[in-house]
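Q: Please take a close look at one part of this model: its sheets. Which strands pair, and what packs around them?

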Amino acid sequence: LMAPTSRAWRRFVTAECRDRVQRAGYDGCLVDSTGLGIYSPSQRFTGIPVNPRTGSRYTQRQYRRAQAGLADAIRAASPRLVHVFNNVSNDYRYWRDPVRSRPLALGRPAVQMEDFLRGASSEVALPDKEKWLRSVRVVRDLEAHNVAGVFTTKLWVSHTAAQAARWQAYAMASFLLGANGNSYFAFTRSRDRAGATGRNAPYSMPNRIGRPEGRMIKMGSGAYKRTFTRGMALVNPRATTVRVRLPSAMRDLSGATVKSVRLGPRTGE
């Protein structure tokens, strides 16, 4: 595994990015695996990288510091390119882990949260309210610090069409509760071209919803809403069903015109 302090490695990554940009006409690169994922038990690596300066395995804090230096070096070498660093991971790593990813994210111009609301191979069940709220807070936190956020929700396990629709509606509405124009969202239900392009996704992002008119609001029912100039995002993160009356007739994700919305447990609209 890489030694992020290696000058040779930093030159290689910088050259690789520049080459891809030149060949394909892109304006920058996604720099993958610049977080602390190697310390996750689910990754099943055979070992931890060794710090060449000490001859011992990197501690998480040492590796985080080295990853920050790697990101800074890549930015300094190509300051005119756009770099998105995949270093957030998930809500636990960002907020609660003893060695959090938040310092890595807030020091970069753009970052990816690869596991927004769920891991790619997690069970299909939706998260509890606490995990949901922590995830939305990541969107809001990055926005507040002027960091562009790229959020992906991956459903890369066996599932039904109904489960895909429920997950996408929930994740998309949750994203809209926190995004203020400096964030990007993708839902992918398969690890192939159809999943990468969203061709097999049940819905499209409502790109005519307009600008947010304020922050998300918790309603008396326990559901959350956010009003936009041309629409509304609603999420019920609780385990009970609620009904929300709309201020006027609106179209839901299925295209039906409704005056109220029934939100089942852990659903979004």
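A: What follows goes through the two sheets in turn, with the helices, loops and pocket that belong to the picture.

The model is predicted.

Start with the parallel sheet. It is open and has five strands, in the order β1-β2-β3-β4-β5. The pairing is parallel. β1 and β5 (183-188) stand at the edges. Each has a single partner strand, so one side of each has no neighbour in the sheet. Neighbouring strands of this sheet are turned against each other by 20 degrees on average, direction ignored.

Now step through the pairs inside the sheet. β2 and strand β3 (residues 110-113) run parallel and are joined by two bridges. Here Asn-86 stands opposite Gln-112 in β3. β3 also pairs with β4: four bridges join these two parallel strands. Ala-110 has Ala-148 in β4 as its bridge partner. Strand β4 covers residues 148-154. It is mostly covered, with six of its seven residues buried.

Next comes the helix on this sheet, α2. It lies across β1 and β2. Its direction runs at about 165 degrees to β2. Helix α2 spans residues 60-77, which makes 18 residues. From first C-alpha to last it reaches 26 Å, close to the 26 Å expected at 1.5 Å a residue.

Which residues of α2 are buried? They are Tyr-63, Arg-64, Ala-66, Gln-67, Ala-68, Leu-70, Ala-71 and Ile-74. Charged and polar names sit in that list beside apolar ones: Arg-64 and Gln-67 are buried, as are Leu-70 and Ile-74. What do these buried residues pack against? Two of the partners are strands, β1 (28-31) and β2 (82-86). The other partners are helices, α1 (7-24) and α4 (102-106).

Two loops that follow strands of this sheet deserve a look at the backbone. Ser-33 lies in the loop between β1 and α2. Its phi is positive, about 55 degrees, although Ser-33 is not a glycine. Ser-89 lies in the loop between β2 and α3. Phi of Ser-89 is also positive, near 75 degrees, in a residue other than glycine. Ser-89 is partly exposed: its relative accessible area is 25%.

The pocket brings α2 back in. The largest pocket holds about 970 Å³ of space. Its lining has 35 residues. Nearest its centre lie Gly-37, Ser-42, Gln-43, Glu-114 and Asp-115. The elements that give two or more residues to the lining are α2 and α3 (91-95). Helix α2 thus appears twice in this account: it lies across β1 and β2, and it gives residues to the pocket lining.

Turn to the antiparallel sheet. It is open too, with four strands in the order β6-β7-β8-β11. The pairing is antiparallel. The edge strands are β6 (217-218) and β11 (267-268), and each pairs on one side only.

Take β6 and β7 first. They pair in the antiparallel sense over two bridges. Lys-218 has Tyr-224 in β7 as its bridge partner. The two strands form a hairpin with five residues between them. Gly-222 sits in that turn, with a positive phi of about 100 degrees.

Then β7 and β8. Strand β7 (residues 224-228) and strand β8 (residues 231-236) pair over five bridges, in the antiparallel sense. A hairpin joins β7 to β8 through two residues. Phe-228 stands opposite Gly-231 in β8. Further along, Arg-226 stands opposite Ala-233 in β8.

How do the side chains of β7 point? They alternate. Tyr-224, Arg-226 and Phe-228 point to one face and are buried. Lys-225 and Thr-227 point to the other face and are not buried. Tyr-224, on the buried face, is the residue that bridges to Lys-218.

A helix packs on this sheet as well. Helix α6 (residues 161-178) touches β7, β8 and β11. Its direction makes about 115 degrees with that of β8. α6 has 18 residues and reaches 26 Å from its first C-alpha to its last, close to the 26 Å expected at 1.5 Å a residue. It is mostly covered, with 14 of its 18 residues buried.

To sum up, the five-strand sheet is parallel and has α2 across β1 and β2. The four-strand sheet is antiparallel, and α6 packs on it.

Conventions:
Residues are numbered from 1 along each chain as its sequence is written. This is a predicted model: local features need pLDDT of at least 70, side-chain atom pairs count only at pLDDT 80 or more; totals for chains, interfaces and linings use all residues. Side-chain values use heavy atoms; hydrogens and water are left out. The expected span of a helix is 1.5 Å times one less than its number of residues. Buried means under 20% relative accessible area, exposed over 50%, partly exposed in between (1.4 Å probe, protein chains only). Contact means heavy atoms within 4.5 Å. Two strands pair if DSSP finds at least two bridges between them. Axes are lines fitted to C-alpha atoms, for helices over the stretch in contact, and angles run from 0 to 180 degrees between N-to-C directions. On a 1 Å grid over the protein atoms alone, a cavity is a set of points where a 1.4 Å probe fits but cannot get out, and a pocket is an open set with protein on both sides within 12 Å along at least five of seven lines; lining residues have an atom within 4 Å of a point. Grid points are joined across faces, edges and corners, and a volume is the space filled by probe spheres set on the points.
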